[in-house]
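Good morning. Please look at the sequence and the structure on the screen, and I will go through the salt bridges.

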Amino acid sequence: MRVLVVAHGPAHVPWIIPLSWACRLAGHEVRVAARPECVGLVTRSGLPAVSIGDDDASRTASAVPVRPALARRRAPVPPTRDGRPAGLTPEIQAALTAKMIGIADLVADDLVAFARSWKPDLVLHDTAAAAGLVAAAVTGVPAVGNSWGLAAGVAVQKPEDVTPEYARLFERFGVEPLVGPATWIDACPPRLRPDHPVRRVDMRFVPYGGPGVVHDWVGAPRTRPRVCVTGGVTTASLEGFLGRTIHAVQELGAEVVVAGHGGEGLPDGVRAVESFPLDVLLPTCDTVVHHGGFGTGMIALDAGIPQVVVPQNSAQEHWGDLVESAGAGISLNDPELPGVSAIGTAVSAVIGGGYVSRARQVQAEIAEMPDPADVVGFLEEHAGEPA
């Protein structure tokens with residue numbers, strides 16, 4: 001079976017690596033199509049990459065606006081009737097979808113050209129990578145989405161949901177827009193998963209953080225709590241209050257490790273790791289303070305540690321809501337940047353009490369989900385179905 005994997009942006013690439021490798025280890029051919037800025041991330045994982053779009057397209061993709069819709073919300077979103085956090089608002093979903101379609105328009109020509117020449121049996125696409133749907137339609141093969149934790153992506157279930165922008169993606173290649181029941185592979189554990197109309201197939205979250213050298217200090221015995229502070233792969237959103245976060249943690253007498261930072265200008269006694277896999281670091285920590293990225297949050301859950309979320313937009317607030325609803329952490333959703341006292345109180349609370357046990361309950365739930373190797377069988381069956 002030939003599997004064409006279509007990646008999205010840099011923060012999304014780690015989500016597609018484990019299943020891509022599971023396909024290869026099962027004996028299938030895999031090609032990972034990615035924008036230029038993601039190609040190195042793919043090849044460093046040992047997978048063959050196909051570059052789609054050019055550097056200008058990548059810069060344009062990064063500049064496609066979505067910020068107004070993701071602005072910090074003014075009031076809490078009421079939970080669903082069962083008390084679970086509601087999903088993203090229709091306005092945010094629409095803004096995200098518009099951005100995804102805009103990016104797909106920039107890379108579709110290259111992706112379709114490769115798909116026509118390589119002739120895949122299945123397209124496995126990041127749910128945000130709408131160009132994968134076009135490649136599947138052009139080659140007449142099934143498409144399966146790979147979710148990145150957020151219940152968002154491009155999937156047109158009914159003809160009345162086809163927008164002009166979505167239709168144009170397909171029409172320029174002489175095919176009808178792909179419409180109908182979609183299937184997404186979802187690694188988000190059920191207790192954190194909001195309702196969504198798309199059919200989802202469970203898959204255990206397997207963190208991939210890239211290569212790294214494990215230094216002695218990482219696993220050395222500790223005499224005090226260790227707290228990781230990070231803004232994730234693609235955001236510097238923690239920079240505005242990095243100093244107060246470090247101060248708050250140091251006041252608790254804890255060790256501070258700042259991930260994704262070169263170390264310049266940090267106080268004495270703070271360790272910085274600029275490029276190091278979080279899936280290796282976080283299991284050695286007692287908690288992580290982060291921006292609300294789904295990748296960072298899921299690695300923390302997989303490590304069984306609670307988290308303090310300091311979101312900077314509505315999507316990140318949504319992750320914070322999910323974590324709080326599971327009792328696996330605290331989200332500081334105040335529109336103003338939290339102060340030293342608020343951060344310190346949250347960190348102190350999650351290190352003790354029931355947050356640790358509930359984070360480990362989520363960890364156990366993740367461990368019980370089907371492995372990527374098990375999901376390969378589903379892809380094999382799906383590849384035999386008509387597009």
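I will start with the whole protein and then take three salt bridges in turn.

This is a predicted model. The protein has 387 residues, and 53% of them are buried. Its secondary structure comes to 14 helices and 13 strands. Of the contacts with a separation of 6 or more, 65% are between residues 24 or more positions apart. The surface that the protein exposes is about 16100 Å², and 51% of that comes from carbon and sulfur atoms.

Now the salt bridges. How many does a search of the whole structure find? The count is 14.

One of them pairs Arg172 with Asp105, and their closest N and O atoms are 2.4 Å apart. Where in the chain do these two sit? Arg172 is in the loop between helix H6 and strand S6, while Asp105 belongs to helix H4, which covers residues 90–118. The two are 67 residues apart, so the pair links distant parts of the chain. Are they buried or exposed? Neither word fits, because partly exposed covers the range between under 20% and over 50%. Arg172 has a relative accessibility of 36%, so it counts as partly exposed. Asp105, at 39%, is partly exposed too.

The next pair is Arg200 and Asp186, whose side chains meet in a salt bridge at 3.0 Å, N to O. Arg200 lies in strand S7, residues 199–202, and Asp186 lies in strand S6, so this salt bridge ties together parts that are 14 residues apart in sequence. Both Arg200 and Asp186 are buried.

The third pair is Glu365 and Arg191, with 3.4 Å between the closest N and O atoms. Which parts of the chain does this pair link? Glu365 is in helix H13, residues 355–367, and Arg191 is in the loop between S6 and S7. These are distant parts of the chain, 174 residues apart. Glu365 has a relative accessible area of 17%, so it is buried. Arg191 has 32%, so it is partly exposed.

Last, a network. Which residues are joined by salt bridges that share partners? They are Asp186, Arg193, Arg200 and Asp202, and they form one network. Asp186 and Arg200 are the buried pair from a moment ago.

That is the end of my part.

Conventions:
Residues are numbered from 1 along each chain as its sequence is written. This is a predicted model: local features need pLDDT of at least 70, side-chain atom pairs count only at pLDDT 80 or more; totals for chains, interfaces and linings use all residues. Side-chain values use heavy atoms; hydrogens and water are left out. A salt bridge is a side-chain nitrogen of Lys or Arg within 4 Å of a carboxyl oxygen of Asp or Glu. Helices (H or I, at least four residues) and strands (E, at least two) are DSSP runs, numbered from the N terminus. Buried means under 20% relative accessible area, exposed over 50%, partly exposed in between (1.4 Å probe, protein chains only). Contact means heavy atoms within 4.5 Å. Accessible areas come from the Shrake-Rupley method with a 1.4 Å probe; for residues, only the protein chains shown count as cover.
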